[in-house]
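Welcome! Here is a short, friendly briefing to read alongside the sequence and the 3D view.

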Amino acid sequence: MREIRLLSGVKIKIQMPAEERGAKGGKVRSDRLPPVPANIYVGTMETLNPPEPIKPRPKAPRRKSK
Amino acid sequence: MPFQVTAIMPDTKPPPVCKAILLFDQVIIDAISERISLIGIFDVLGFSSFPHETQPFAAYVELVDGIGKYALTIEVNDLQAGTILARQPAIELEFPERVNKAVLLINCARLHLPQEGAYDFVVFADNQEIDRQKFVARTVQAWTDQGDSEDA
C-alpha cells in the first residue's frame with residue numbers, strides 16, 4: 001500500500017493487490033509503486049487570514065441534460 | 001445577391017460540468033483498477049462550542065464535458081459573515097477530449113469556523129462559478145469532552 005501524507009494530515013492511499021504485497025502482506029518495493037492516475041489532480045486549500053469578503057462572480061449557464 | 005451565412009460563435013468556451021462535490025476524511029485509490037474509495041463522507045460538522053477549528057478533511061470534485069484548458073479555483077465561504085475562509089490557488093486543468101473526466105482531490109487543512117451555521121464549498125472554472133456544496137457546522141452538547149469530534 002502506498003501512502004502519501006499531505007500537509008494537513010489527510011491521507012491518500014494507493015492500495016496494491018495482495019499478490020503484489022507478497023503472501024505475508026509485506027511492503028512493496030518503492031520502485032514498483034504506481035503513480036497517482038493521470039486524470040486525478042491533487043491540491044491544497046490555503047486558509048485566508050484575515051478572511052476576504054465574498055466577491056459576486058458570474059454563474060456558469062446551466063446546460064441542458066442529454 | 002448571393003446568400004450569406006454568418007456563423008455566430010460564442011467568445012468563450014463552455015465551462016466543465018460538475019458531477020459531484022463530496023467532503024470526506026480519507027481516500028483510498030486502488031493501484032490496479034484506479035477505483036476511488038472515499039471514507040467518512042460528511043455534510044454536517046458537530047462541535048461543543050464556537051469558534052472552532054475542524055480536523056483536516058478533503059474534497060472530491062468530479063468534472064466532465066470540458067473543452068481544452070481551464071483555471072480551476074475552489075473557495076470555502078462563510079455564508080453568515082459573507083467572507084471567504086480558504087482558497088485553492090488556481091489549478092490548470094486540461095480536457096484533451098470532450099469525453100475525458102477530471103477528478104480533483106483537494107486537501108483542506110484545519111479550517112477556523114467562527115460560528116455555527118452554513119458554509120459553502122464553491123468551485124470556479126475561469127472565474128465562473130460552476131457548482132457549490134453546502135455544509136453545516138452546529139453545536140453538539142453531548143460531545144463536550146471531544147471538542148474536535150466531527151459528526152458523520
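**Hairpins, strands and a shared contact**

Strands β2(B) and β3(B) form a hairpin with five residues between the strands, and B:Glu34 takes a positive phi near 60° there. Please keep in mind that this is a predicted model. The points below begin with that hairpin, then turn to other strands of chain B and to the contact with chain A.

**The β2–β3 hairpin of chain B**

- Four bridges pair β2(B) with β3 (residues 36–39) of chain B in the antiparallel sense.
- Opposite B:Val27 you will find B:Leu38 in β3(B).
- Side chains alternate along β2 (residues 26–30) of chain B: B:Val27 and B:Ile29 are buried and point to one face, while B:Gln26, B:Ile28 and B:Asp30 point to the other and are not buried.
- In a regular strand, side chains alternate between the two faces of the sheet.

**Strand β12 of chain B and its partners**

- β11 (residues 117–125) of chain B runs antiparallel to β12(B), and nine bridges join them.
- B:Val123 has B:Asp131 in β12(B) as its bridge partner.
- These two strands, β11(B) and β12(B), form a hairpin with two residues between them, and B:Asp126 in the turn has a positive phi of about 50°.
- β4 (residues 44–47) of chain B runs parallel to β12 (residues 128–139) of chain B, joined by four bridges.
- B:Val44 stands opposite B:Val136 in β12(B).

**Where chains A and B meet**

- The contact takes 33 residues from chain A and 47 residues from chain B.
- On the side of chain A that touches chain B, β4(A) gives the largest share, six residues.
- The residues of that side of chain A divide into 19 nonpolar, seven polar and seven charged.
- β4(A) and β8 (residues 83–95) of chain B run antiparallel, joined by four bridges.
- A:Glu46 has B:Arg87 in β8(B) as its bridge partner.

Definitions and conventions:
Residues numbered from 1 in each chain as written. Chains lettered and ligands numbered in written order. Predicted model: local features only at pLDDT ≥ 70, side-chain atom pairs only at ≥ 80, totals over all residues. Pairing = 2+ DSSP bridges. Buried ≥ 20, exposed ≤ 12 C-beta atoms within 10 Å, placed from the backbone. Contact = placed C-beta atoms within 7 Å. Nonpolar A, V, L, I, M, F, W, Y, C, P; charged D, E, K, R; others polar.
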